[in-house]
Amino acid sequence: MMIAANWKMYKGPRETREFLGRFTPPDGVDLIICPAYTSLHAAVESGRAVYAQNVHWADEGAYTGEVSAGMLVELGVQGSIVGHSERRQYFGDTDETTAKRAEAALGAGLRVIACVGETEQEREAGETEEVLRRQVAVLPRHERLVIAYEPVWAIGTGKTATTGLCQDAHAFIKSLLHVPVLYGGSVKPDNAAELMALPAVDGALVGGASLDVDSLTAICRAAIPS
Ligand code: PEP
């Protein structure tokens with residue numbers, strides 16, 4: 001089971017060191033920490049697997065504010081999230097830029113968690129499968145690629161996909177591309193076990209609940225098959 005902690009724009013280096021000094025993931029979980037760029041070094045120093053939250057597609061160039069895959073590799077980072085819905089919503093990422101970011105990262109030897117997922121409006125309009133098909137179609141086929149199914153309406157809202165809805169979406173994604181699929185969207189200690197037990201769920205991408213040591217520990221424990 002893979003559990004990826006997406007810390008978003010929380011925790012600078014000091015808090016990162018403090019958290020990772022206190023946190024010991026239980027055996028049997030493939031745990032990944034995804035801190036902000038400025039905390040990557042502190043996280044790498046802890047010896048944990050560390051991914052960035054985003055990566056640019058060019059090797060280098062005049063792209064103010066961006067970070068390349070090569071720079072992440074040099075820092076000891078093992079992978080990157082791409083296409084998170086917050087990147088798509090606030091920073092103009094599209095299916096095409098997500099695919100370019102994924103290709104560059106994979107080409108540089110990084111692992112990739114590519115996020116897909118429908119908005120509430122798209123789900124209500126019955127467009128979920130069409131949206132997922134479109135988002136998955138552009139992604140590179142690669143053994144180091146993992147997909148995170150994150151229904152946009154469930155991220156940071158406290159609304160979690162029902163187990164049936166989650167299983168169906170994961171099975172659909174797996175019918176398009178044979179890769180591990182993580183679930184993301186308000187995963188908490190009290191709902192992690194039932195979500196992680198679904199046959200088509202290979203782990204979780206956790207935002208808010210990954211910021212607290214006890215809560216992340218509980219989610220990791222819940223993810224271990226009994
Ligand atoms: C996320 O950031 O990918 C996420 C799923 O956030 P949350 O767990 O807070 O909904």
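**Figure 1. Lys8, a buried lysine in a loop of this predicted model.** With a relative accessibility of 18%, Lys8 counts as buried, because the cut-off for that label is under 20%. Lys8 belongs to the loop that runs between strand 1 (2-6) and helix 1. Take a look at the backbone here as well: the phi angle of Lys8 is positive, about 50°, although Lys8 is not a glycine.

**Figure 2. Lys11, found in the loop between strand 1 and helix 1.** Is Lys11 buried or exposed? Its relative accessible area is 14%, so Lys11 is buried. The phi angle of Lys11 is near 70°, a positive value in a residue other than glycine. Lys11 is also one of the residues that Thr16 touches, which leads to the next view.

**Figure 3. Thr16 in helix 1, with its contacts.** Helix 1 covers residues 13-22, and Thr16 is part of it. Thr16 has a relative accessible area of 0% and is therefore buried. Which residues does Thr16 touch, once those up to four places away in sequence are set aside? They are Trp7, Lys11, Ser39, Ala42 and Ala43. For a distance to check in your viewer, try Thr16 and Ile33: their C-alpha atoms are 9.8 Å apart, with the two positions 17 residues apart in sequence numbering.

**Figure 4. Ile81 in strand 4, with its contacts.** Strand 4 is made up of residues 79-82, Ile81 among them. Ile81 counts as buried because its relative accessibility is 0%. Neighbours within four places in sequence aside, Ile81 is in contact with Asn6, Ala52, Gln53, Asn54, Val55, Ile113 and Leu205, and also with two cysteines, Cys34 and Cys115. Tyr51 is 30 residues from Ile81 along the chain, and the C-alpha atoms of the pair are separated by 6.9 Å.

**Figure 5. Cys166 and Cys220, two buried cysteines.** How many disulfides does a search of the whole structure find? The count is zero. Why does Cys166 form no such bond? The closest cysteine sulfur, in Cys115, is 14 Å from the sulfur of Cys166, which is too far for a bond; a disulfide would need the two sulfur atoms within 2.5 Å. Cys220 is in no disulfide either, and the nearest cysteine sulfur, belonging to Cys34, is 12 Å away. As for accessibility, Cys166 is at 0% and so counts as buried. Cys220 is likewise buried, with a relative accessible area of 0%. Cys34 and Cys115, the partners in these two distances, are both in contact with Ile81, so you can return to the previous view to find them.

**Figure 6. The whole protein, with its 10 helices and eight strands.** Stepping back from the close-ups, the C-alpha trace spans about 40 × 40 × 30 Å along its principal axes. The radius of gyration is 16 Å, which agrees with the value near 17 Å for a compact globule of 226 residues. Of those 226 residues, 54% count as buried. Among contacts between residues at least 6 apart in sequence, 70% join residues at least 24 apart. The protein exposes about 10,400 Å², and carbon and sulfur atoms supply 50% of that area. Finally, for those thinking about charges, there are 20 positive and 29 negative side chains, and the centres of these two sets lie 3 Å apart.

Technical notes:
Residues numbered from 1 in each chain as written. Predicted model: local features only at pLDDT ≥ 70, side-chain atom pairs only at ≥ 80, totals over all residues. Heavy atoms only, no water. Buried < 20%, exposed > 50% of the residue type's maximum accessible area, 1.4 Å probe, protein only. Helix = DSSP H or I, 4+ residues; strand = E, 2+ residues; numbered from the N terminus. Rg over C-alpha atoms; globule rule 2.2 N^0.38 Å. Contact = heavy atoms within 4.5 Å. Areas by Shrake-Rupley, 256 points an atom, 1.4 Å probe, with all protein chains shown as cover. Lys, Arg positive; Asp, Glu negative; His and termini not counted. Charge placed at Lys NZ, Arg CZ, Asp CG, Glu CD.
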